[in-house]
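Here are a few worked exercises to go through at your own pace. Open the model, try each task, and then follow the steps below it.

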Amino acid sequence: MPILSIFLLTAACLPVEWPAPPFGLGPGASAGLTAAAVLLPLAAAFAVRTWVVRALRRTPDRKVSIGQGYGRLRRVLFFVNLGTVVLSILGLGWGWTTQHTLKVTWDLELQLAPFAELAVPLPYFVLVFGCWLIYYDVDRALHHLSFGGAAGGRFWSRAGYFFHHLRQLALLVAFPVGLFVTQQTLTRFAPEASETDWYRAGSVGAVLVLILLMPLLMKPLLGLRSLPAGPTRDRIEALARRLHFRCADLLVWPTHGHTANAMIVGLIPRVRYVIFTDRILEEMPDDELDAVFGHEVGHARHGHIWFYALFLGLSMTALAAVMLLVVQELVVAGVTVPEGYSGWVTLPPVVLAAGYVFLVFGFLSRRCERQADVFGCRAVSCGDPACTGHHAATKYPDRGAGLCPTGIRTCARALERVFLMNGYDELEDSGRRTIGGAVRAAFGWLRAWQHSTIPRRVRFLLSLIDDRGRERRFQRRLVVLRWGLAIGLIAAIVLLGELVTWQELRKAM
Ligand SMILES: [Zn+2]
Ligand SMILES: [Zn+2]
């Protein structure tokens, strides 16, 4: 869900004149109302925590269904939290209050203080931090029930747990939002400098450098360690050589067995890492771990990370051009923005961008995930398309050139194991048509929008065993989709650039 949070936080940090508190109340009353509004969902979270901890103590053998119920309630409360933040800013005058109290004098004028935008989404941070502290007890109880007193059963202290989540938030949310707020602060305090082309080229360059070097930042930020020398590392390195894949290092993410996951970060081999959580390394059988690694290599092999960056860059440019065109047409039509509402025109692009990313990027990313899955199968496939099993003497072709039934089954099993390890509940195919089922399905879709659901991914992979043509058709269609998107976006930018004039478009970026 981080993408939703990023958009909400970005929208909250926009230079919008937020509505004044209701009933003519002052800043103090608005702050009080906001505090009360924030306390309600925290109280609800505390009630959920107390219920789950008691239920687990009374009926520990029902931990799976209790855990699923807890997961669902927590997801509902996540949206309640977002709603509370929106209500505080728009309905209770919290945004207005920060804008009218956090002022400094600059150039003989009262200006919004540097980085004061970050105070607008303050209720969000209070809610998120509060929830970590509250849900800690549940996560610890669930952890102890799954690991018992066994080794690796140690859980974080409350502070350690808080810090673990804070690090991820810093990376996922505060980092992009921080860049955005810095840019706005500079615009406010050095308006002339921020109008120059040098400044624009510089900020684009700075963002590109940051994106390139991001993986280096992740290592200390998330507390990642090098995968220690030993049989696991040797095995993965040998596989990497066979797939002709290069990266700077293989890393372990210590999560006290909390998460089973793997990921690849970095655009170029020198600053590229493949990261495994401690749990996936401990619990995955060797051949399945190979398939998981193959999946991550697939993202690099098919250039997904580069394509995502290109796609988002082109999309944002096209969206800016569309917004510019709309504004120009409004001006021509004689429509003017009422006094005090000029900041509001920056809000629609963010909402538009959020919707666009949700739909188009979600679709693209699900296809790419599937393509990486297929490469995961290839990584553990032999050269015999009708093989019946693998053994020590099995020869695996270079660069993942083969695709065999055993390889496909191994990768499908790996996906299912990740699914079970993370305690995901079955989200589809339950066949029930109840309101609760529909709500659950909606949440499942929201959560799976980027990666699709695991049962669906597994079904697709297994279908390739009997229908070999399906893989080729899928790959062909994805090539067409990617080229189509890229060419379509470039064509749209060229057309819009001519319409709104390039000079204006450059200024709007
Ligand atoms: Zn992936
Ligand atoms: Zn095989």
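A salt bridge here is a side-chain nitrogen of Lys or Arg within 4 Å of a carboxyl oxygen of Asp or Glu. This is a predicted model in which local features need pLDDT of at least 70, side-chain atom pairs count only at pLDDT 80 or more, and totals for chains, interfaces and linings use all residues. Residues are numbered from 1 along each chain as its sequence is written, chains are lettered from A and ligands numbered from 1 in the order in which they are written, and side-chain values use heavy atoms, with hydrogens and water left out.

**Exercise 1. Find the salt-bridge partner of R457, and say which helices the pair ties together.**

Step 1. R457 pairs with D373, and their closest N and O atoms are 2.8 Å apart.

Step 2. R457 sits in helix α15 (residues 454-466) and D373 in helix α12, so the salt bridge ties together parts 84 residues apart in sequence. Helices are DSSP runs of H or I with at least four residues, numbered from the N terminus.

Step 3. For burial, use relative accessible area: buried means under 20%, exposed over 50%, and partly exposed in between (1.4 Å probe, protein chains only). R457 counts as buried because its relative accessibility is 8%; D373 is buried too, at 1%.

**Exercise 2. Work out which residues R49 and R417 pair with, and how each partner is placed.**

Step 1. Start from the total: the structure holds 14 salt bridges.

Step 2. R49 pairs with D137, with 2.9 Å between the closest N and O atoms. Since D137 belongs to helix α5 (residues 122-147) and R49 to helix α2 (residues 27-58), the pair ties together parts 88 residues apart in sequence. Both residues are buried.

Step 3. R417 pairs with E288, the closest N and O atoms being 2.6 Å apart. This pair links distant parts of the chain, with R417 in helix α13 (residues 405-421) and E288 in helix α10, 129 residues apart.

Step 4. The two ends of this bridge are placed as follows: R417 is partly exposed, at 29% relative accessible area, whereas E288 is buried, at 1%.

**Exercise 3. Identify the protein donors of the zinc ion (ligand 1) and their spacing in sequence.**

Step 1. Collect donors, meaning N, O and S atoms within 2.8 Å of the metal (3.2 Å for Na, K and Ca); water is not among the atoms, so sites may look incomplete.

Step 2. The search gives H295 (NE2), H299 (NE2) and E369 (OE), lying 1.8 to 2.1 Å from the zinc ion.

Step 3. Read along the chain, the donor residues are spaced H-x3-H-x69-E. H295 lies in helix α10 (residues 286-301) and E369 in helix α12 (residues 347-379), so this pair ties together parts 74 residues apart in sequence.

Step 4. Check burial: H295 is buried, with a relative accessible area of 9%, and E369 is buried, with 7%.

Note on methods. Helix = DSSP H or I, 4+ residues; strand = E, 2+ residues; numbered from the N terminus.
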